[in-house]
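Open your viewer, switch to a cartoon view and keep the selection box handy. We will go from stop to stop, choosing what to highlight next.

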Amino acid sequence: DVAVLRIGHRPERDQRVTTHVGLAARALGARGMYLAADDHGVIASIEDVASRWGGDFFVENDVKWRRCIQDWKAAGGKVAHLTMYGLRMTDVIDEIRGEERVLVVVGAEKVPGDIYGLSDYNVSVTTQPHSEISSLALFLDHLFEGKELNREYPDAKIRIEPTKVGKKTVEQ
Ligand code: SAM
């Protein structure tokens, strides 16, 4: 069971990136996303995609990040915070794969210092600065070893029939 906690979202400037964090999380095998901010617009657009394209992805608006982490840990889960300052993903991913429940924390601009100590793993995806979307995507891909790439999404209203040329969708 893998979920994402998005912290530091600023409604006036992060809507697109946070929406893409949610869509990437869903498409790459996470169960849901907790948003540590109040932004119904972001929640609505992810839910809209999830309801049309199937699966059981959840989004939760306006969680308190500290409480979310505490609850996750109290239920026996582990916390992996993605940060360029952490240990190399390639050195820790096998150990994290052995955990039953993983909460993946991604930030926006600067994350609160407490997150580093509260996390079980601080994980760096390359030791270069880039983005929450790219780091999350690579982390999930390595965690699931590529198996998430061909997942089925039950109860989809629409799905893609892959084709060499053109666009083919099937609606049900
Ligand atoms: N400068 C900020 C800091 O010191 O925390 C990071 C800003 S970055 C645009 C936003 C988020 O992307 C970070 O909070 C982290 O979750 C993720 N991120 C960026 N580069 C990363 C890397 N190399 N490895 C893991 N996560 C990364």
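Which elements do the buried residues of helix 3 pack against? Keep that in mind as we walk there, and remember that this is a predicted model.

Start by selecting residues 2–6, which form strand 1, together with residues 32–35, which form strand 2. The two strands run parallel and are joined by four bridges. To see one pairing, show L5 in strand 1 and its bridge partner Y34 in strand 2.

Now add residues 15–27, helix 1. With strand 1 and strand 2, this helix makes a right-handed β-α-β unit. Next, highlight helix 2, residues 40–53: the chain passes through it on the way from strand 2 to strand 3, again in a right-handed β-α-β crossover.

Strand 3 is residues 58–60, and it pairs with strand 2 in the parallel sense over three bridges. Click on G32 and you can look for its bridge partner in strand 3, F58.

On to helix 3: select residues 65–74 and show the side chains of W65, C68 and I69, which are buried. These three lie on the same side of helix 3, because they cover an arc of only 95 degrees around the axis. Turn to the other side of the helix and you will find R67 and A74, both exposed.

Here is what to colour for the opening question: the buried residues of helix 3 pack against strand 1, strand 2, strand 4 (78–88), strand 5 (102–106) and helix 5 (114–118).

For a last stop, click on G76, just after helix 3, where phi is positive at about 90 degrees.

How values were computed: Residues numbered from 1 in each chain as written. Predicted model: local features only at pLDDT ≥ 70, side-chain atom pairs only at ≥ 80, totals over all residues. Pairing = 2+ DSSP bridges. Right-handed = clockwise from strand over helix to strand, strands pointing away. Buried ≥ 20, exposed ≤ 12 C-beta atoms within 10 Å, placed from the backbone. Arc of directions from axis to C-beta. Contact = placed C-beta atoms within 7 Å.
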